[in-house]
Amino acid sequence: MIVRALAIWVIMAVIAVANGFFRVSVLVPRVGEQVGHIISTIMLSCFIAALAWFCIRWLKPQTPAAAMLLGAFWVALTLAFEFGFGHFVAQKSWAELLNDYNLLRGRVWPLVLVVTAISPYIAARRQNILNEK
């Protein structure tokens, strides 16, 4: 399951990069940074949930724990990519990267991580593919 989970995460990362490009080039010029951030976060969360829904039978988590572990794996990869690429390639400061986690400033990025974490479990549960014995 790990290779398949990684393959789906790569698709997720491509969608996230495209979503970020759309946010910067289309949303922000039209609605501003804050609203663009919120719309983009909701869009990405929906894409991730849909991807999990459509791929969960291929991923085949057998138990609720396996489905939750899959979500945790995706979150870990996402954080590693976000901070690794963001800091070392995009040259963003750690403070700038951490800013997206500041809910008090209206930054709702953590929603993406929550959706990423729980989507495999919810998709597997709703599609009745978990062995809950």
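Which helix is Ile11 found in? Select Ile11 and you land in helix H1. Before going further, keep in mind that this is a predicted model. Colour by pLDDT if you like: the mean for the protein is 95, and 99% of residues reach 70 or more. Confidence is lowest in helix H4 (residues 94-99), at a mean of 92, and highest in helix H5 (residues 110-126), at 98.

**Stop 1: two isoleucines on H1**

Stay on Ile11 for a moment. With a relative accessible area of 40%, Ile11 is partly exposed, because buried would need under 20%. Draw a distance from its C-alpha to that of Ile48: you should get 9.6 Å, across a sequence gap of 37 residues.

Now pick Ile8, also in helix H1. Is Ile8 buried or exposed? Its relative accessible area is 3%, so Ile8 counts as buried. Show what surrounds Ile8, skipping neighbours within four places in sequence, and you'll find contacts with Leu51, Cys55, Trp58, Leu59 and Trp74. Trp74 is worth a distance label: Ile8 and Trp74 sit 66 residues apart in sequence, yet 8.9 Å apart C-alpha to C-alpha.

**Stop 2: along H2**

Select residues 33-59 for helix H2. These 27 residues reach 36 Å from the first C-alpha to the last, close to the 39 Å expected at 1.5 Å a residue. Go to Trp53 and look along the axis: H2 bends there by about 35°.

Next, show the buried side chains of H2, among them Gly36, His37, Ser40, Thr41, Leu44, Ser45, Ile48, Leu51, Ala52, Cys55, Ile56 and Leu59. As you look at the spacing, recall that an α-helix has 3.6 residues a turn, so residues three or four places apart point the same way. To see what covers the buried residues of H2, switch on helix H1 (2-31), helix H3 (64-89) and H5, which are included in that cover. Just after H2, click Lys60, where phi is positive, at about 55°.

**Stop 3: over to H5**

How far apart are the end C-alpha atoms of H5? They are 24 Å apart, which agrees with the 24 Å that 17 residues should span at 1.5 Å a residue. There is a bend here too: find Ile118, where H5 turns by about 40°, with a proline, Pro120, following within four residues.

Pick Ser119, which has its place in helix H5. Ser119 counts as buried because its relative accessibility is 7%, below the 20% cut-off. Beyond its neighbours within four places in sequence, Ser119 is in contact with Ala49 and Ala52. Other buried residues of H5 include Pro110, Val112, Leu113, Val115, Thr116, Pro120, Ala123 and Ala124. H1, H2 and H3 are included in what covers the buried residues of H5. Just after H5, check Asn128 for another positive phi, at about 55°.

**Last stop: the largest pocket**

Select Gly20, Arg23, Glu82, Lys92 and Asp100 and centre the view on them: of the 32 lining residues, these lie nearest the centre of the largest pocket. About 840 Å³ of space lies in this pocket. Which helix gives the most to the lining? Turn on H1, which supplies 11 residues. Then add H2, H3, H4 and H5: each of these, like H1, supplies at least two residues of the lining.

Methods
Residues are numbered from 1 along each chain as its sequence is written. This is a predicted model: local features need pLDDT of at least 70, side-chain atom pairs count only at pLDDT 80 or more; totals for chains, interfaces and linings use all residues. Side-chain values use heavy atoms; hydrogens and water are left out. pLDDT is the predictor's confidence in each residue, from 0 to 100. The expected span of a helix is 1.5 Å times one less than its number of residues. The bend at a residue is the angle between axes fitted to the seven residues ending there and the seven starting there. Buried means under 20% relative accessible area, exposed over 50%, partly exposed in between (1.4 Å probe, protein chains only). Contact means heavy atoms within 4.5 Å. On a 1 Å grid over the protein atoms alone, a cavity is a set of points where a 1.4 Å probe fits but cannot get out, and a pocket is an open set with protein on both sides within 12 Å along at least five of seven lines; lining residues have an atom within 4 Å of a point. Grid points are joined across faces, edges and corners, and a volume is the space filled by probe spheres set on the points.
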